[in-house]
Amino acid sequence: MLKIIKVITSSTMLENALGIDFQNTFAKDLEGLYKETTASVNPSAEMLLVNESLALELGIGLDKLYSKNAFDIFSGNKKPFNSITLAQAYSGHQFGHFNPNLGDGRALLLGEVLNIKGELRDIQLKGSGPTPFSRRGDGKSALGPVLREYLVSESMYALGIPSTRALAVIKTGEQVKRDKSLPGGLMTRVASSHIRIGTFEYASLQNDTKLLQKLADYSISRHFPDTANVENPYLALFAAICNQQASLIANWMSIGFIHGVMNTDNMSISGETIDYGPCAFMNAYNPKTVFSSIDTQGRYAYQNQPSILTWNLTRLAEALIPLVHDKKDESIKLLTEVLQLIKPVYTNYWLVLMRSKVGLSKEDPKDYELIINLLNLMEKNKVDFTLCFRFLAKSLNGNNKPIRNIFKGSKEFDSWLMIWQERISQEGMPDEKISNSMDAVNPIYIPRNHNVEIALQAAIQENNLEPFKKLFSVMQNPYKEISGMEEYSNPIKGSDSSYKTFCGT
Ligand code: AMP
Ligand code: MG
């Protein structure tokens with residue numbers, strides 16, 4: 001009796017520590033798609049970063065955020081009250097090859113919480129120790145990749161691109177063995193959910209249509225409730241996922257973002273960018289850009305992202321066949337019809353975004369060609385993708401110099417500029433207004449590779465988080481130019497085509 005009272009008292013304290021209530025909907029509704037497990041303890045853990053604004057959105061007051069009990073939860077040292085901690089099961093096509101048994105090998109879902117807007121959010125620890133899915137891995141993360149995900153995912157969010165979020169970073173105090181010994185890190189990640197295309201591939205592989213259906217129903221109620229009441233909800237679910245992902249990839253393309261590992265286990269059905277590993281932003285425009293050290297064939301190069309989108313969604317379609325129609329042939333026919341829409345839907349999203357990047361709000365059939373011609377000239381002249389659009393906007397305010405300079409005075413570009421200015425005049429709006437509208441969609445700051453490296457090196461090698469924090473704070477307002485911050489807007493001198501990024505494993 002005494003023992004029970006003791007447990008309840010300390011558990012209640014933990015619940016109050018975060019001031020949130022874990023709902024465990026995945027655990028309750030989707031048995032068969034996870035394994036219950038716990039985090040490794042980290043006795044020498046140290047809190048490095050907490051995200052106050054995200055905490056407030058989640059209803060976690062700052063007093064709770066900075067409490068010892070919150071630290072104990074983020075460090076994996078204590079399980080929150082009424083949380084069923086679990087590792088999710090999923091399969092995945094990795095670089096085109098199917099791996100039936102992946103799953104969270106180094107992550108732990110604490111459960112779901114309602115944020116202050118009433119939306120359900122997953123809270124997950126990443127780098128929390130071995131799980132039943134770890135295979136030969138240690139279940140841990142190195143601190144460098146954890147800081148990288150914290151920075152880049154929050155930058156994506158600030159850029160307005162759907163993304164998982166980062167709530168806290170812990171330095172575990174232990175070393176992890178990779179090709180060398182590295183300090184360990186643990187991140188608390190927040191997501192609309194962690195359901196991946198690979199989750200559906202896994203469910204489909206179990207030859208248990210009820211399980212697959214449970215996953216689809218859960219996905220509908222959590223992400224696409226409007227599809228619940230149509231004639232064929234599972235086909236509508238598929239179409240909704242295709243739509244979200246097409247929009248997401250168009251957003252990546254519009255901002256020069258290269259995910260780096262678009263394996264089906266790294267694609268969230270909610271349409272959020274997830275699993276930041278070797279991702280990076282392109283500098284000089286080159287559609288073949290690849291940064292990931294393991295992507296030797298360039299499968300996930302910048303220019304291939306839209307076709308990989310369809311490839312991945314085709315794997316999802318295959319997984320959904322048993323749900324869409326009783327007759328397999330009919331199911332395939334219906335799913336194929338949706339698949340065929342992905343390319344035009346994607347192109348439409350892309351065109352809307354690219355039009356706004358070059359200051360166009362009206363539609364003209366020649367806009368596509370105008371934009372493609374600009375991209376071709378950018379490639380030919382190795383023009384910085386991010387600065388190009390900001391300098392174009394400046395040219396509308398009578399300052400042609402920066403844009404002509406980055407095109408190195410190219411005559412071809414001068415001709416393009418004249419055609420574009422002519423097209424801009426058809427908008428019937430003052431140039432200044434158009435210029436402002438361009439600056440509102442074209443960031444001046446992106447997490448440039450060389451700045452990310454400087455910040456991570458200082459954090460890891462010198463225990464100095466200041467460069468990281470400064471870069472992070474600049475990235476909170478990526479569309480507003482601040483004088484004196486040129487080191488964050490300028491590309492690296494020379495080329496960064498040999499820059500390599502690594503998976504966070
Ligand atoms: P990722 O490259 O992060 O998308 O991970 C691919 C798969 O490898 C997932 O199933 C991960 O959970 C697993 N994994 C990655 N790193 C580790 C690790 N250090 N220990 C155990 N499993 C891992
Ligand atoms: Mg992954």
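Mentor: A polar contact is a pair of N or O atoms within 3.5 Å of each other. With that cut-off in hand we can begin at the ligand, keeping in mind throughout that this is a predicted model.

Trainee: Which residues come nearest to ligand 1?

Mentor: The ligand is surrounded by 18 residues, and those that approach it most closely are Gly-103, Gly-105, Arg-106, Gly-139 and Asn-266. Sorted by class, the shell consists of eight charged, eight polar and two nonpolar residues.

Trainee: Why does ligand 1 lie between domain 1 and domain 2?

Mentor: The placement follows from the membership of the shell: domain 1 (2-193) and domain 2 (198-356) both contribute residues to it, and therefore the ligand lies between them. The division of the protein also includes domain 3 (361-439), and the C-alpha centres of domain 1 and domain 3 are separated by 44 Å.

Trainee: Which side chains place an N or O atom opposite an oxygen atom of the ligand, and which one opposite a nitrogen atom?

Mentor: Arg-106 has a side-chain N or O atom 2.8 Å from an oxygen atom of ligand 1, and Arg-135 has one 3.4 Å from an oxygen atom of the ligand. On the nitrogen side, an N or O atom in the side chain of Asp-138 lies 3.0 Å from a nitrogen atom of ligand 1.

Trainee: How much of the ligand's surface does the protein bury?

Mentor: Considered alone, ligand 1 exposes 480 Å², and the protein buries 86% of that area.

Trainee: Close to these residues in the sequence I find Ser-134; where is it, and is it buried or exposed?

Mentor: Ser-134 sits in the loop between strand 7 (120-126) and strand 8 (141-142), and because its relative accessible area is 8%, it is buried. A polar atom of the Ser-134 side chain lies 2.7 Å from the backbone oxygen of Gly-105, and there is also a distance of 2.7 Å between a polar atom of that side chain and the backbone nitrogen of Thr-131. Gly-105, as we saw, is among the residues that come nearest to ligand 1.

Trainee: Turning to the aromatic rings, how many pairs does the model contain?

Mentor: Two rings are paired when their centres lie within 6.5 Å, and the angle between their planes then sets the class. By this rule there are 18 aromatic pairs. One of them joins Tyr-150 and Phe-472, whose ring centres are 5.4 Å apart and whose planes meet at 35°, which makes the pair tilted. Tyr-150 belongs to helix 6 (residues 143-159) and Phe-472 to helix 18 (residues 466-474), and the pair thus links distant parts of the chain, 322 residues apart.

Trainee: Are the two partners, Tyr-150 and Phe-472, buried or exposed?

Mentor: Tyr-150 counts as buried because its relative accessibility is 3%, and Phe-472, at 16% relative accessibility, counts as buried too.

Trainee: Why is the pair of Phe-413 and Trp-416 described as stacked?

Mentor: Their ring centres are 5.8 Å apart and their planes stand at 20°, so this pair is stacked. Phe-413 and Trp-416 are both in helix 15 (residues 411-425), where a spacing of three residues amounts to about one turn of the helix, and both of them are buried. Elsewhere, ring pairs connect Trp-252, Phe-257, Tyr-276 and Phe-281 into a cluster.

Trainee: Which backbone atoms lie opposite the side chain of Thr-501?

Mentor: Thr-501 is placed in the segment after helix 19 (486-489), and because its relative accessibility is 2%, it counts as buried. A polar atom of its side chain lies 2.6 Å from the backbone oxygen of Pro-278, while the backbone nitrogen of Ser-292 lies 3.4 Å from a polar atom of that side chain. Gly-277 is found in the loop between strand 11 (257-258) and strand 12 (280-281), and, with a relative accessibility of 12%, Gly-277 also counts as buried.

Trainee: How should I relate separation in sequence to separation in space, for instance for Gly-277 and Leu-370, or for Lys-210 and Leu-323?

Mentor: The two separations are read independently. Gly-277 and Leu-370 are 93 residues apart in sequence and 34 Å apart from C-alpha to C-alpha, whereas Lys-210 and Leu-323, which are 113 residues apart in sequence, have their C-alpha atoms 9.4 Å apart. Lys-210 lies in helix 8 (residues 209-223) and is exposed, because its relative accessible area is 66%.

Notes: Residues numbered from 1 in each chain as written. Chains lettered and ligands numbered in written order. Predicted model: local features only at pLDDT ≥ 70, side-chain atom pairs only at ≥ 80, totals over all residues. Heavy atoms only, no water. Near = heavy atom within 4 Å. Polar contact = N/O pair within 3.5 Å; in protein donor to acceptor, adjacent residues only side chain to side chain. Areas by Shrake-Rupley, 256 points an atom, 1.4 Å probe, with all protein chains shown as cover. Nonpolar A, V, L, I, M, F, W, Y, C, P; charged D, E, K, R; others polar. Domains from an automatic or database assignment. Phe/Tyr/Trp six-rings, centres within 6.5 Å; stacked < 30°, edge-to-face > 60°. Helix = DSSP H or I, 4+ residues; strand = E, 2+ residues; numbered from the N terminus. Buried < 20%, exposed > 50% of the residue type's maximum accessible area, 1.4 Å probe, protein only.
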